[in-house]
Amino acid sequence: MSLLKAYFALLFLLCVNVFAKKDVNGDFYVGRNQMIYRTEELSQEKFLAYSPLSNGTHLREAVKNILVPRVVGSAGHTMVRDYIASDLRDLNWNVEIDKFHETVPILGKLHFHNIIARLNPDAERYLVLACHYDSKYFEEFEFLGATDSAVPCAMLLNMAHVLQEALEPFRNSKLSLMFIFFDGEEAFKEWGPNDSIYGARHLAKRWEDDGTINRLDMLVLLDLIGAADPTFYNFFPNTEAWYSRLISLEERLSNADMLDHYISNGISRQYPNRYFQPNTMRSSFVEDDHIPFLKRNVPILHLITLPFPSVWHTKDDNESIIDYLATENIARILRLFIMEYLLSSQHSE
Ligand SMILES: *[C@@H]1O[C@H](CO)[C@@H](O)[C@H](O)[C@H]1NC(C)=O
Ligand SMILES: *[C@@H]1O[C@H](CO)[C@@H](O)[C@H](O)[C@H]1NC(C)=O
Ligand SMILES: *[C@@H]1O[C@H](CO)[C@@H](O)[C@H](O)[C@H]1NC(C)=O
Ligand SMILES: [Zn+2]
């Protein structure tokens with residue numbers, strides 16, 4: 001994402017709109033194509049069934065497999081792409097590779113490959129989770145990009161593994177789950193409209209042309225996750241009801257003592273030290289892979305750590321920065337969110 005926009009975001013952090021922390025269970029909201037949705041809290045039975053699910057061993061294994069230099073066109077890039085695709089194919093997901101080529105600054109003509117994985121390839125609608133799997137090219141040093149975005153990609157693979165059984169009913173449902181691993185998010189020379197988010201721009205255009213874009217309920221983009229003490233914000237009024245579910249799930253998991261080492265200054269986390277902040281930054285956003293979809297009216301949740309991790313775009317964004325407890329906590333909240341979304345939205349017309 002762009003540095004300039006990030007500075008603006010930080011500036012606006014000081015003058016955000018705080019929306020009242022209300023109980024939004026049962027909130028109605030208008031989605032794409034004026035469809036009416038209703039958020040609905042997971043039943044206690046399902047909450048208790050899904051909350052303990054996790055596999056930290058698998059998460060670390062996935063990070064290890066992705067955390068190599070993976071600049072577009074490099075051997076590491078091909079390796080990571082093959083790993084992501086085969087990991088999901090092994091779980092019986094439908095995996096499509098969206099290939100295209102473009103000439104970029106410095107490196108010239110490159111072949112890009114977005115990875116699109118669908119739990120049910122024939123679904124009418126999708127909840128989409130996304131991250132980017134390319135790493136940024138730096139001339140002076142080898143960049144690993146743990147938070148940017150090896151960890152977010154590993155979190156998606158881990159989610160598919162951990163929720164394998166819970167997701168079974170959504171293999172042949174009208175509403176299903178899709179993952180997108182975008183290629184070419186990073187700029188090669190300097191962030192700008194023509195040098196950044198290559199994969200996202202290509203895919204949004206292609207899906208606008210063939211109508212697929214109308215089948216995306218919402219795009220949840222994960223970025224810059226993996227360091228300690230992340231905080232997230234909502235950016236878009238039309239997804240506030242869903243963002244509020246993340247806040248409520250963090251609270252619910254905290255109350256149930258289901259978050260690992262969920263303490264700050266010796267006590268269980270309270271605001272402002274929680275992960276999902278109850279603020280909307282209406283007048284600011286960070287440029288990222290969601291932009292081409294946002295421009296085409298796809299509802300967006302942009303789950304990016306703000307302020308950015310201190311190691312952002314430095315050689316220190318490596319394995320040593322990863323806080324697995326925090327990452328696992330975020331992953332746990334997201335897993336419940338996915339289940340809540342799929343269960344409560346499957347009948348929405
Ligand atoms: C957790 O993941 C590891 C590594 O992928 C796997 O060997 C193990 O069977 C998994 N554990 C459970 C309980 O699924
Ligand atoms: C981006 O590319 C378009 C089309 O080639 C061009 O018209 C535009 O000026 C470029 N924008 C920038 C900022 O380079
Ligand atoms: C990883 O980052 C740490 C600091 O976060 C740094 O001390 C170390 O040199 C880095 N390792 C590599 C291999 O660059
Ligand atoms: Zn980056």
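What follows is a short exchange about helix packing, a zinc site and some backbone features in a predicted model.

Visitor: Why is helix 7 called oblique to helix 9?

Guide: Helix 7 (residues 240–255) and helix 9 (residues 324–345) pack at an angle of about 125 degrees. Roughly perpendicular covers 65 to 115, and roughly antiparallel needs over 145. The angle fits neither class, so helix 7 is oblique to helix 9. Their axes lie 9 Å apart, and helix 7 passes helix 9 in a right-handed crossing.

Visitor: Which residues in helix 7 meet helix 9?

Guide: From helix 7 come Trp242, Arg245, Leu246, Leu249, Glu250 and Leu253. They meet helix 9 residues including Ile333, Phe337, Glu340 and Tyr341. The residues of this contact divide into nine nonpolar, two polar and four charged.

Visitor: What makes helix 3 roughly perpendicular to helix 9?

Guide: The axes of helix 3 (residues 56–66) and helix 9 cross at roughly 110 degrees. The class runs from 65 to 115. The crossing falls inside that range, so helix 3 is roughly perpendicular to helix 9. The two axes come within 11 Å. Leu59, Arg60 and Val63 of helix 3 make the contact with Tyr324, Thr327 and Glu328 of helix 9. By class, that is three nonpolar, one polar and two charged residues.

Visitor: Why is helix 4 called roughly parallel to helix 5?

Guide: Their axes cross at roughly 15 degrees. Angles under 35 degrees count as roughly parallel, so helix 4 takes that label against helix 5. The axes come within 10 Å, and the crossing of helix 4 past helix 5 is left-handed.

Visitor: Which residues of helix 4 and helix 5 meet?

Guide: Tyr83, Ile84, Asp87 and Leu88 in helix 4 meet Leu157, Ala160 and His161 in helix 5. Five residues of this contact are nonpolar, one is polar and one is charged.

Visitor: How do you know which protein atoms are donors of the zinc ion (ligand 4)?

Guide: Donors are N, O and S atoms within 2.8 Å of this metal. Asp148 (OD), Glu186 (OE), Glu186 (OE) and His313 (NE2) lie 1.9 to 2.7 Å from the zinc ion. These distances meet the cut-off, so the atoms count as donors.

Visitor: What makes the arrangement around the zinc ion (ligand 4) irregular?

Guide: The four donor atoms subtend angles of 54 to 145 degrees. Tetrahedral would need all angles between 85 and 135 degrees. Square planar would need opposite donors over 155 degrees apart. The angles satisfy neither rule, so the arrangement is irregular.

Visitor: Where along the chain do Asp148 and His313 lie?

Guide: Asp148 lies in helix 5 (residues 146–162). His313 is in the loop between strand 13 (300–304) and helix 9. The pair therefore ties together parts that are 165 residues apart in sequence. The donor spacing along the chain is D-x37-E-x126-H.

Visitor: What is the omega of the peptide bond from Asp148 to Ser149?

Guide: Omega is near -5 degrees, and the bond is cis. Ser149 lies in helix 5. A cis peptide bond also joins Leu306 and Pro307, with omega about -5 degrees. Pro307 sits in the loop between strand 13 and helix 9.

Visitor: What is the phi of Asn92?

Guide: Phi is positive, about 70 degrees, although Asn92 is not a glycine. Asn92 is found in the loop between helix 4 (75–90) and strand 4 (94–104).

Note on methods: Residues numbered from 1 in each chain as written. Chains lettered and ligands numbered in written order. Predicted model: local features only at pLDDT ≥ 70, side-chain atom pairs only at ≥ 80, totals over all residues. Heavy atoms only, no water. Axes fitted to C-alpha atoms, helices over the stretch in contact; angles between N-to-C directions. Helix = DSSP H or I, 4+ residues; strand = E, 2+ residues; numbered from the N terminus. Left-handed = near helix turned anticlockwise from the far one by under 90°. Contact = heavy atoms within 4.5 Å. Nonpolar A, V, L, I, M, F, W, Y, C, P; charged D, E, K, R; others polar. Donors = N, O, S within 2.8 Å, 3.2 Å for Na, K, Ca; no water. Tetrahedral: all angles 85-135°; square planar, octahedral: opposite > 155°, others 65-115°.
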